[in-house]
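Trainee: I've got a new model open and I keep tripping over the labels. Can we go through what earns each one?

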Amino acid sequence: MSQRPHSNFGLENSGIINPDTVYWNLSTPHLYEEAIKRREGRLAHLGPLVVRTGQHTGRSPRDKFIVDDPIHSEKVAWGDANVPMSEEKFESLHRRLVAYFQGRDIFVQDCFSGADPDYRLPIRVITETAWHSLFTRNMFIQATDDELRNHIPAFTVIQAPNFHALPSEDGTNSSAFIVVHFEKKLVIIGGTQYGGEIKKSIFSVMNYLLPVQGVLPMHCSANTGEDGSVAIFFGLSGTGKTTLSTDESRVLIGDDEHGWSDKGVFNFEGGCYAKTIRLSPTAEPDIYNTTRKFGTILENVGFDPTTGRIDLDDESLAVNTRAAYPISHIPNATRTGFGGHPNNVIMLTADAFGVLPPISKLTPEQAAYHFLAGYTAKVAGTERGVIEPQATFSACFGEPFMVHDPVVYAEMLSERIKNHDSDVWLVNTGWSGGPYGVGERMKISFTRAMIHAALDGSLAQVETQVDPFFQLAAPVSCPNVPDEVLNPRNTWKDKEAYDAQANKLAQMFQENFKRFGETVPDEIAGTGPIAQ
């Protein structure tokens, strides 16, 4: 099998010695061949590769650690999102992990994180499976042959799903682990097949490195209009980042991770990682079509082994079914990964309580508040034990990946919003007419219409009404959206039930924001929801 060039920076630099065959920078067809030969996945009708991730069908935040080394420790915001691991525990785990690779086949991809050459991070991802190497090839920015010959990784990821930690010995919470060592410039991952751990581990690295260089890393999607205007979409999983930024009328820059530098916005990735459960060919045609293409990896998607056809409505293995595909699978995506400074900043929330306005204009102070709050809601069925809507607050709309104090990122965002006069909008893609189980999910067509009106400037001319619970200025009308939808209270039959639910959520906002104490000025803290 012919292989692309590779550098002389060998695997021994990561502690790996005496492997069997090393497959360097294999192409997509070759990785397909290896994955199918090794029974790691199945070829589905029209070309996607269907794989299974076992018990881990999503990220394992409780299994993520950062090594507490003396050089970087002071800059890390230690807590639930950033849990320390001692250097001794890391060394023991790493030593056994690299020993595991002896005599085994290894797949290596040398690539980049970050489209901007001034800030891009050369990375190496070493895996024991072909399909995870294909995932890496899809998700990161590929190197040219010339770049491969001289590639020296600034960070290396070693991923071995079939190698497990020993919690009693390694100090982990389970047999799965994701450990970042900033001093050694190394990430080790084991015990989980879920592909997202690879991309999010490097995202955490970028979130640590870039603020020091004056660049704001963001958990957001981004697109641009024909006039060059740029919009970014912050949001937690399931709120619509990928769906709403993948718009036939605009050019996609990226769907999940970006930096905002003095030059504008740039994508960290070379691909997209979309949720696929119940994808609609009408409402989400471009993403739907990627699930029928060669090169796409489908994680835990329903699959008929007899016909080879997939079923995007099948959630028997997971609700969090995923498609990982190169961004070139989206017809109107840019290959450059660049855009200018955002004209509009959109913060997405999926409010399962059904009380937030579907769209509202934020002041700069409110923007800082809601960025720090990072609110969305979990619904029944998404996690074990969740039987009613649960408020989730994740600072910066991605706290598990933010290594510094959330206020650091919030201050950087506020500065950029003010410097570039960006308009900021809070968009609720959640429920209307009642909470989850009573009301209905906001129609994607309505949300798209509201976003289009925000981006083309027409909503700026519309009269607004301030919500008494959330202090949000919501427009009273919007093209192609029924007026009654814009005021959530009007969509509820029982107005008193709405008031009680809104008051309950406002109290949750207030309780959550206490964590920031006196680190946030009163002019920001005072713009949040008010419990009656």
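**What earns each label**

Mentor: Sure, start with S432, which lies in strand β28, residues 431-432. Strands here are DSSP runs of E with at least two residues, helices are runs of H or I with at least four, and both are numbered from the N terminus. Keep in mind that this is a predicted model, where local features need pLDDT of at least 70 and side-chain atom pairs count only at pLDDT 80 or more, while totals for chains, interfaces and linings use all residues. Residues are numbered from 1 along each chain as its sequence is written, and side-chain values use heavy atoms, with hydrogens and water left out.

Trainee: Why is S432 called buried?

Mentor: Buried means under 20% relative accessible area, exposed means over 50%, and partly exposed is in between (1.4 Å probe, protein chains only). S432 has 17%, so it counts as buried. Not counting residues up to four places away in sequence, S432 touches G439, E440, M442 and T491, where a contact means heavy atoms within 4.5 Å.

Trainee: What makes W78 partly exposed?

Mentor: Its relative accessibility is 32%, so W78 falls in the partly exposed class. W78 sits in the loop between β4 (64-67) and β5 (84-85). Leaving out residues up to four places away, W78 touches I66, V67, D68, S73, V83 and P84.

Trainee: How do you know that the side chain of W78 makes a polar contact with the backbone oxygen of S73?

Mentor: A polar contact is a pair of N or O atoms within 3.5 Å; within protein, one must be able to donate a hydrogen and the other to accept it, and residues adjacent in sequence count only if both atoms are side-chain atoms. The W78 side chain reaches that S73 oxygen at 3.2 Å.

Trainee: And T291, buried or exposed?

Mentor: Its relative accessible area is 0%, so T291 is buried. T291 belongs to the loop between α8 (285-290) and β18 (297-299). A polar atom of the T291 side chain lies 2.6 Å from the backbone oxygen of Y288. Beyond its neighbours within four places, T291 is in contact with P48, T276, L279, T296, L298, I310, L312 and A323.

Trainee: On to α10: how do you know what length to expect for this helix?

Mentor: The expected span is 1.5 Å times one less than the number of residues. Helix α10 (406-419) has 14 residues and reaches 20 Å from first C-alpha to last, close to the 20 Å expected. At its start, a side-chain oxygen of D405 comes within 2.9 Å of the backbone nitrogen of V407. The buried residues of α10 include Y409, M412, L413 and I417.

Trainee: What makes D421 and F397 stand out in phi?

Mentor: Most residues other than glycine have a negative phi. D421, in the loop between α10 and β27 (423-428), has a positive phi near 50°. F397, in the loop between β26 (390-393) and α10, has a positive phi of about 55° and is not a glycine either. Their accessibility goes opposite ways: D421 has 65%, so it is exposed, whereas F397 has 1%, so it counts as buried.

Trainee: How do you know how many disulfides there are?

Mentor: A disulfide needs a pair of cysteine sulfur atoms within 2.5 Å. The search of the whole structure finds 0. For C220, the nearest cysteine sulfur is that of C396, 12 Å away, and C220 is in no disulfide. C220 has 0% relative accessibility, so it counts as buried, and C396 at 1% is buried too.

Trainee: Last one: what makes the protein chain as compact as a globular protein of its length?

Mentor: First, its secondary structure comes to 14 helices and 31 strands. The radius of gyration is 23 Å, close to the 24 Å that the globule rule gives for 532 residues, so the chain is as compact as a globular protein of that length. That radius is taken over C-alpha atoms, and the rule is 2.2 Å times the number of residues to the power 0.38. The C-alpha trace spans about 70 × 55 × 45 Å along its principal axes. Buried residues make up 60% of the chain, and residues 24 or more positions apart account for 73% of the contacts with a separation of 6 or more.
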